[in-house]
Amino acid sequence: MAHMIPDTIREGTASRAEKRLFNRFRSDLPDDCYVLHSLGLTNHETKIWGECDFVVVSTGGIFALEIKGGGVSCEKGEWLFTNTSGKVFRKSEGPFEQAKEAMFAVRRFVEKQDELKGFLYGYGVIMPDETFIHESPEIEPGVLLDRRHYHRKLDEYIRALSEFWREDYARKHDRPPKLPSK
């Protein structure tokens, strides 16, 4: 069982998708994983205050995860999010960009301590209610968990994220990344 920080889901969490995932992370991930929920990011690059839905710290790497419940689509560079009431919200920033920026903020914070520099970082996007098939240069299908595979245990997803980002790192740096120890 993963260690959840905080131990219970924060009161006032509006996202039903995050509520569903909170307990799945606890039960689906091994006890060498730490999962931070709703992590505030004061050092966000583009926002006065940023937030990461979940950060998973595991022996496979450190991953910032963005969760999008309901309907999600992208049309001509504009992101549309449909809630359970059918209301559509439009944004220029999509979940892949959100997760990537959160990952960089987490990395900047952690790497202030020299002994924690150089670990593998990555990001992921989970859309439990959507079969997401859109294509765009900003969309990385290798980090997506959507409705098609949402039924699988989340440790499979974290392992797949780790493999994806390890291969990406090795290809770009011509060496394997450093992984956190237990």
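Analyst: A salt bridge is a side-chain nitrogen of Lys or Arg within 4 Å of a carboxyl oxygen of Asp or Glu. The structure holds 12 salt bridges. This is a predicted model, in which local features need a pLDDT of at least 70 and side-chain atom pairs count only at pLDDT 80 or more, while totals for chains, interfaces and linings use all residues. Residues are numbered from 1 along each chain as its sequence is written, and side-chain values use heavy atoms, with hydrogens and water left out.

User: Why is the contact of the E78 and R90 side chains called a salt bridge?

Analyst: Their N to O distance is 2.9 Å, which satisfies the salt-bridge limit, so the term applies. E78 lies in strand β6 and R90 in strand β7, so the pair ties together parts that are 12 residues apart in sequence. Helices (H or I, at least four residues) and strands (E, at least two) are DSSP runs, numbered from the N terminus.

User: What makes R90 exposed or buried?

Analyst: Buried means under 20% relative accessible area, exposed over 50%, and partly exposed in between (1.4 Å probe, protein chains only). R90, at 52%, therefore counts as exposed. E78, at 32%, is partly exposed.

User: How do you know that K172 and D168 form a salt bridge, and how is each one classed?

Analyst: The side chains meet at 3.2 Å, N to O, so the distance criterion is met. K172 has 59% relative accessibility and counts as exposed, whereas D168, at 11%, counts as buried. Being four residues apart in helix α3, the two are separated by about one helical turn.

User: Which residues are linked with R24 in a network of salt bridges?

Analyst: R24 is linked with D28 and K153. The closest N and O atoms of R24 and D28 are 3.3 Å apart, so this pair also fulfils the definition. Both R24 and D28 are buried.

User: Why has D32 no salt bridge?

Analyst: The nearest side chain of opposite charge, K182, is 5.6 Å away, so the distance limit is not met. Lys and Arg count as positive and Asp and Glu as negative, with His and the chain ends not counted. D32 is nevertheless buried, and its place is in the loop between α1 (16-28) and β2 (34-41). Leaving aside neighbours within four places in sequence, D32 is in contact (heavy atoms within 4.5 Å) with V57, S58, T59 and K182.
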